[in-house]
Amino acid sequence: MMTPLLLFLSMHAHAQKNKPNAKVEPITIEYKGKKVKAKKLTVSSEIPMDIDSAWNKVKSPALLEFVAKGMIRFKPLGEGFPKQWKVGETYKVKMRVFGFIPFGGTHYLFIDNIDEQNHTITTKEWDRGAKVWNHNILMKDLDNGSIYYEDSITIYGGLMTGIITSFAKQFYKHRQKRWQIVAEENLNFLK
């Protein structure tokens with residue numbers, strides 16, 4: 001009788017360890033020469049994957065499409081997404097919430113920095129609804145076959161900042177849960 005209980009507790013502890021943690025903080029940023037009230041959203045979790053594999057996957061737009069699936073569908077405009085993100089490039093997309101509800105008009109995604117040594121990617125993004133959506137991805141090797149993964153997003157959308165941040169919180173938790181599937185099934189996005 002003890003074995004099923006220990007198995008359940010072990011599975012529960014594993015699920016809790018990999019469950020995304022989310023924190024929202026009020027911040028002040030500069031937008032078009034004015035100080036405005038924005039939000040900083042930080043979502044983090046542990047992903048059972050080695051850092052090199054995770055790092056190679058995160059540089060692929062195909063991974064973004066996979067982890068966003070079910071909450072946001074991206075329709076690239078123009079030539080579409082490349083195989084890998086390129087620093088200095090701005091990508092234009094139409095976003096559909098839950099796959100069918102248009103949101104924000106054209107969304108612009110500028111790849112500001114990809115730091116190979118420190119495992120960080122920084123983007124500056126915006127659209128009609130989210131005037132500022134600055135996203136930083138950080139990975140750290142935990143030396144146990146897992147990584148610490150963090151999405152940190154500065155969000156400003158005027159009067160809609162709170163609503164956009166609430167949605168973003170659910171979206172990034174969803175993304176990190178989908179990362180667990182990527183790790184579990186060892187999915188490859190660089191085909």
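# A guided tour, starting at Thr161

Select Gly157 and Thr161. The backbone nitrogen of Gly157 lies 2.8 Å from a polar atom of the Thr161 side chain. Keep in mind that this model is predicted.

**Stop 1: Thr161**

Stay on Thr161. This residue belongs to helix H4, which spans 161-185. Is Thr161 buried or exposed? Its relative accessibility is 6%, so Thr161 counts as buried; the cut-off for buried is under 20%. Now show what surrounds Thr161. Setting aside neighbours within four places in sequence, Thr161 is in contact with Lys37, Ala38, Lys39, Ile155 and Tyr156.

**Stop 2: strand E8 and its partners**

Next, select residues 147-156, which make up strand E8. The strand is mostly covered, with 9 of its 10 residues buried. Two strands to display beside E8 are E2 and E7.

Start with E2, residues 34-47. E2 runs antiparallel to E8, and 9 bridges join them. To find the register, pick Thr42: this residue stands opposite Ser152 in E8.

Then add E7, residues 132-141. E7 and E8 are also antiparallel, joined by 10 bridges. Here the pair to pick is Asn134 and Thr154, which stand opposite each other. Follow the chain from E7 into E8. The two strands form a hairpin with 5 residues between them. In the turn, Asp143 has a positive phi of about 60°.

**Stop 3: Ser152**

Zoom in on Ser152, within E8. Ser152 counts as buried because its relative accessibility is 11%. What does Ser152 touch, not counting residues up to four places away in sequence? The contacts are Lys40, Leu41, Thr42, Asn134, His135 and Asn136. Thr42 is thus a contact of Ser152 and also its opposite number in the strand pairing.

**Stop 4: Thr122**

Move to Thr122, in strand E6. Colour E6 as 120-126. Not counting residues up to four places away in sequence, Thr122 touches Phe110, Ile111, Asp112, Asn113, His135 and Asn136. Add Leu138 to the selection. Thr122 and Leu138 are 16 residues apart along the chain. Their C-alpha atoms are separated by 8.9 Å.

**Stop 5: strand E4, between two partners**

Select E4, residues 90-97, and show side chains. Side chains in a regular strand alternate between the two faces of the sheet. In E4, the covered face holds Tyr91, Val93, Met95 and Val97. The uncovered face holds Thr90, Lys92, Lys94 and Arg96.

Bring in E3, residues 72-76. E3 and E4 run antiparallel, with 5 bridges between them. Lys75 stands opposite Lys94 in E4.

Now bring in E5, residues 101-115. E4 and E5 pair in the antiparallel sense over 8 bridges. Lys92 stands opposite Tyr108 in E5. Trace the link between E4 and E5: they form a hairpin with 3 residues between them. Phe98, in the turn, has a positive phi of about 55°.

**Stop 6: helix H3**

Select 61-68, which is helix H3. How many of the 8 residues of H3 are buried? The count is 6, so H3 is largely enclosed by the rest of the structure. Those buried are Pro61, Leu63, Leu64, Phe66, Val67 and Ala68. To see what covers them, show helix H2 (51-58), E3 and H4, which are included in the cover.

Check both ends of H3. At the start, a side-chain oxygen of Ser60 reaches to within 3.1 Å of the backbone nitrogen of Ala62. After the helix comes Gly70, with a positive phi near 100°.

**Stop 7: the largest pocket**

Finish at the largest pocket. Select Glu125, Trp133, Phe171, Tyr172 and Arg175, the lining residues that lie nearest its centre. The full lining has 31 residues. Several elements from earlier stops give two or more residues to it, among them H3, E3, E4, E5, E6 and E7. Which element gives the most to the lining? H4 does, with 7 residues.

Colour the lining by class. There are 24 nonpolar, 4 polar and 3 charged residues. The space in this pocket is about 420 Å³.

How values were computed:
Residues numbered from 1 in each chain as written. Predicted model: local features only at pLDDT ≥ 70, side-chain atom pairs only at ≥ 80, totals over all residues. Heavy atoms only, no water. 1 Å grid on protein atoms, 1.4 Å probe; cavity = no way out; pocket = protein on both sides within 12 Å on 5 of 7 lines; lining within 4 Å. Points joined across faces, edges and corners; volume = space filled by probe spheres on them. Helix = DSSP H or I, 4+ residues; strand = E, 2+ residues; numbered from the N terminus. Nonpolar A, V, L, I, M, F, W, Y, C, P; charged D, E, K, R; others polar. Buried < 20%, exposed > 50% of the residue type's maximum accessible area, 1.4 Å probe, protein only. Contact = heavy atoms within 4.5 Å. Polar contact = N/O pair within 3.5 Å; in protein donor to acceptor, adjacent residues only side chain to side chain. Pairing = 2+ DSSP bridges.
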